[in-house]
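Thank you all for coming; I would like to take a few minutes to walk through a structure that may be new to most of you. Please have a look at it on the screen, and then we will go through it piece by piece.

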Amino acid sequence: MRRSKPRRTKPRNQRGRFQCFARGAARATGGSRAFAFAILAILIWGITGPIFHFSDTWQLVINTATTIITFLMVFLIQNTQNRDSEAMQIKLDELLRASHGCHNAVMDIENLSEEELDRIKQDYALLAQKAINDLRKGKADVGAPDVKAKAKSTTSA
């Protein structure tokens with residue numbers, strides 16, 4: 001009988017290596033020193049134009065360098081955005097969880113279908129319209145009314 005090998009998962013510190021690298025690279029490339037270095041590289045490239053008689057190779061150097069840097073930066077930026085988005089989502093979820101009267105179902109709203117999102121958005125838009133109408137009549141627009149109940153009262157009014 002053949003034993004199947006247990007699936008090896010990467011240790012936590014190996015998964016974190018790319019995270020650390022991406023975070024450090026994003027910080028370094030997003031700083032003023034990186035911008036100054038880029039300006040300096042362009043100036044040096046421009047100054048060397050007459051030396052190389054503005055040849056195709058001279059132009060290819062800057063085109064290739066910027067393409068490679070841009071290609072790599074896309075992945076670093078996406079990684080940073082994904083991490084920041086998830087952190088922000090967790091923070092918002094915690095605020096919703098800790099707030100009395102909030103709809104806990106909203107914590108997982110990003111996983112709903114487009115139709116479900118549109119329906120919820122419409123309910124909130126009706127609630128906002130009711131609040132605007134109340135303000136125009138001199139009433140308060142504070143509180144946490146039930147979304148469906150207020151949306152229904154707006155459509156019937």
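Of the 157 residues in the protein chain, 11% count as buried, and I should say at once that what we are looking at is a predicted model. The accessible surface of the protein chain comes to about 13500 Å², and 62% of that is supplied by carbon and sulfur atoms. As for secondary structure, the protein chain has five helices and zero strands, so that anyone reading along the sequence meets the pattern α-α-α-α-α. If we take the contacts in the protein chain with a separation of 6 or more, residues 24 or more positions apart account for 38% of them.

Let me turn now to helix α3, which covers residues 56-98, and begin with a residue that is covered by its surroundings. Thr80 lies in this helix, α3, and it counts as buried because its relative accessible area is 17%, where the cut-off for buried is under 20%. Which residues does Thr80 contact, once its neighbours within four places in sequence are left aside? They are Ala22 and Ala26.

Phe71 also has its place in helix α3, but here the relative accessibility is 52%, and therefore Phe71 counts as exposed, the cut-off being over 50%. Phe71 belongs to a nonpolar patch on the surface, which it forms with Ile68, Leu72, Val74 and Phe75, and together these residues have about 520 Å² of accessible area.

Still in helix α3 we find Ile90, which counts as exposed because its relative accessibility is 57%. The C-alpha atom of Ile90 is separated by 8.6 Å from that of Met107, a residue 17 residues apart from it along the chain.

That brings me to the charged side chains. Side chains of opposite charge can pair when their charged atoms come close. How many salt bridges does the structure hold? There are two salt bridges in the structure, and I will take them in turn.

One joins the side chains of Arg97 and Glu94, with a distance of 2.5 Å from N to O. Both Arg97 and Glu94 sit in helix α3, three residues apart, which is about one turn of the helix. Glu94 has a relative accessibility of 37%, and so it counts as partly exposed, a class that lies between the cut-offs of 20% and 50%.

The other salt bridge is formed by Lys130 with Asp134, whose closest N and O atoms are 2.9 Å apart. Lys130 and Asp134 are both in helix α4, residues 114-136, and they are four residues apart, again about one turn of the helix. Are these two residues, Lys130 and Asp134, buried or exposed? Lys130 is buried, and Asp134 is buried as well.

Helix α4 gives us one more feature to look at, and this one concerns charges of one sign. Glu114, Glu115, Glu116 and Asp118 gather on the surface in a patch of negative charge. Among them, Glu115 is found in helix α4, and because its relative accessibility is 53%, Glu115 counts as exposed.

To close, I would ask you to keep two pictures in mind as you turn the model: the nonpolar surface patch that includes Phe71, and the negative surface patch that includes Glu115.

Conventions. Residues numbered from 1 in each chain as written. Predicted model: local features only at pLDDT ≥ 70, side-chain atom pairs only at ≥ 80, totals over all residues. Heavy atoms only, no water. Salt bridge = Lys/Arg side-chain N within 4 Å of Asp/Glu carboxyl O. Helix = DSSP H or I, 4+ residues; strand = E, 2+ residues; numbered from the N terminus. Buried < 20%, exposed > 50% of the residue type's maximum accessible area, 1.4 Å probe, protein only. Patch = residues over 30% accessible without salt bridge, like charges linked within 9 Å, V, L, I, M, F, W, Y side chains within 5 Å. Areas by Shrake-Rupley, 256 points an atom, 1.4 Å probe, with all protein chains shown as cover. Contact = heavy atoms within 4.5 Å. Lys, Arg positive; Asp, Glu negative; His and termini not counted. Charge placed at Lys NZ, Arg CZ, Asp CG, Glu CD.
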